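Colleague: Could you walk me through this one? I'd like to start with how two of the helices pack, then look at some odd backbone spots and a strand.

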Amino acid sequence: MAETSPIHIPTVDLTDLASDDPVRVERGAAAIREAFGVFGLVYIKNHGVDTQALDRYYDAFSAFVARPDARKRPYGRADIWYQRGWTPPNTEIAVAGNGQPDFKECYFAAPYPNDAASAAEFPELYPENVWPDAPPAYFEDGILTLGKSLHEAGLKLLRGAAVALGLPENAFAATCDRGPHVTRALHYLPLGPSQVNTGIVWGEEHTDFNLLTLLPGGRFLDPSGKPAPKPDDKSGLYLRTRATPESPQGQMVRGNAPAGCIVAQVGQQLEILTGGTFLATPHVITAPGVPGWSRQSAAHFMHVHTSTVLFPMEKFRSREAVTNYAPPVLAGTYDIKTLVDIGLAPASALDKLGYRHYDRLNRMRSGS
Ligand SMILES: [Fe+2]
């Protein structure tokens with residue numbers, strides 16, 4: 001991806017948002033308004049995520065990824081739409097990716113216990129965690145600790161985002177209560193000599209379908225599997241800015257968090273609730289131009305609760321927003337539709353979204 005830009009993406013300090021000083025709170029709110037309104041992405045400092053523990057977790061994840069596929073296969077659970085456990089390579093696809101699967105394998109875990117009532121309604125969105133046999137040291141604790149700390153940072157940011165838009169502080173954070181949040185570790189696969197510089201990307205351009213995504217930062221692995229500085233400038237996270245009359249395709253900007261910062265991205269659910277005031281961030285993960293290198297990263301996906309109706313909140317319900325986001329959709333069914341779209345759930349899952357008992361009348365009429 002050649003096009004880069006000197007564009008400056010704001011950083012928000014979470015201690016500003018928690019301050020009693022209205023000047024500091026407004027400084028944080030202004031950063032969020034610009035970052036989420038223009039870029040759909042913000043850098044976060046004073047986030048409370050332990051980056052040394054993250055490295056330890058990546059070591060544990062490496063040890064799992066290094067296992068033969070046959071040993072990982074039992075944890076690739078199509079029956080729960082891969083929402084927990086291992087996502088094998090060549091499984092997930094980006095909707096805009098023309099069917100090209102991403103070059104990655106992943107592990108999903110929920111950092112908080114499931115709400116039983118929600119799990120009864122949407123079993124595949126709230127399955128129990130799946131853990132490998134003889135898990136590498138710190139495999140479970142690592143992802144659970146990471147997920148919780150990213151979630152806490154996300155809630156603080158969501159409170160700041162609500163204040164930034166003149167909403168009650170809990171307007172977004174409250175929608176997350178008992179949501180199907182999930183933390184994911186990702187391993188982007190090494191490209192072979194014939195694959196590099198052919199346009200293959202690690203993660204095709206897409207927008208996240210949840211409310212808010214937290215990214216703690218990743219690391220490259222050299223061809224021997226050791227953590228190493230990036231092999232070249234070709235690989236990384238690029239985001240596409242909002243379209244403007246001068247730049248109808250938006251601009252591709254490298255997501256390059258300042259040292260010590262983590263990243264938060266706007267997902268589709270936050271875009272819908274704000275009627276497009278905040279836009280879901282299109283992003284792509286490009287691969288390096290040298291063979292044999294891989295990359296580890298992690299993401300925590302915060303979701304609105306499955307019983308939330310996805311439609312612009314009252315304040316954002318302009319005629320245009322209503323046109324753009326009608327009809328209102330229940331978040332749980334929205335999640336199901338998206339998981340079908342990206343190849344994780346079977347198309348038959350959509351058949352459950354209407355009445356399923358027409359045959360009862362037929363049976364009664366035939367007396368069987
Ligand atoms: Fe994403």
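Colleague: Which residues of α3 meet F139, G142, I143, T145 and L146 in α6?

Modeller: Bear in mind that this is a predicted model. Helix α3 covers residues 51–65 and α6 covers residues 139–164. On the α6 side you have F139, G142, I143, T145 and L146, and the α3 residues facing them are A53, L54, R56, Y57, A60 and F64.

Colleague: And how many residues of that contact are nonpolar?

Modeller: One residue of the contact between α3 and α6 is charged, and two are polar. The nonpolar ones number eight.

Colleague: Is α3 parallel or oblique to α6?

Modeller: Two packed helices are described by the angle between their axes and the distance between the axes. Here the axes of α3 and α6 come within 9 Å and cross at roughly 135°. Angles over 145 degrees would count as roughly antiparallel and 65 to 115 as roughly perpendicular. The crossing falls in neither range, so α3 relative to α6 is oblique.

Colleague: What about the hand of that crossing, left-handed or right-handed?

Modeller: We're still on α3 passing α6, with axes that come within 9 Å. The crossing is left-handed.

Colleague: Now the backbone. Where is the cis peptide bond?

Modeller: Look at the loop between α8 (319–325) and β16 (329–330), where P327 lies. The bond leading into that proline has an omega of about 0°. The cis peptide bond joins A326 and P327.

Colleague: N90 has a positive phi without being a glycine. Is N90 partly exposed or buried?

Modeller: N90 is found in the loop between β3 (85–87) and β4 (104–109), and its phi is near 60°. A buried residue needs 20 or more other C-beta atoms within 10 Å, and an exposed one has 12 or fewer. N90 has 14, so it counts as partly exposed.

Colleague: Which loop holds N197?

Modeller: N197 isn't a glycine either, and its phi is positive, about 60°. It is partly exposed, with 14 other C-beta atoms within 10 Å. Its loop is the one between β5 (182–188) and β6 (201–206).

Colleague: Last topic, strand β13. Which residue of β13 is the bridge partner of L237?

Modeller: Strand β10 (residues 236–240) pairs with β13 in the antiparallel sense over four bridges. β6 also runs antiparallel to β13, joined by three bridges, and G203 stands opposite I285 there. Within β13, H283 and I285 point one way while V284 and T286 point the other, and all are buried. The partner of L237 is I285.

Notes: Residues are numbered from 1 along each chain as its sequence is written. This is a predicted model: local features need pLDDT of at least 70, side-chain atom pairs count only at pLDDT 80 or more; totals for chains, interfaces and linings use all residues. Axes are lines fitted to C-alpha atoms, for helices over the stretch in contact, and angles run from 0 to 180 degrees between N-to-C directions. Helices (H or I, at least four residues) and strands (E, at least two) are DSSP runs, numbered from the N terminus. Angles under 35 degrees count as roughly parallel, over 145 as roughly antiparallel, 65 to 115 as roughly perpendicular and the rest as oblique. A crossing is left-handed if the near helix is turned anticlockwise from the far one by less than a right angle, and right-handed if clockwise. Two residues are in contact if their C-beta atoms, placed from the backbone, lie within 7 Å. Ala, Val, Leu, Ile, Met, Phe, Trp, Tyr, Cys and Pro count as nonpolar, Asp, Glu, Lys and Arg as charged, and the others, Gly among them, as polar. Two strands pair if DSSP finds at least two bridges between them.
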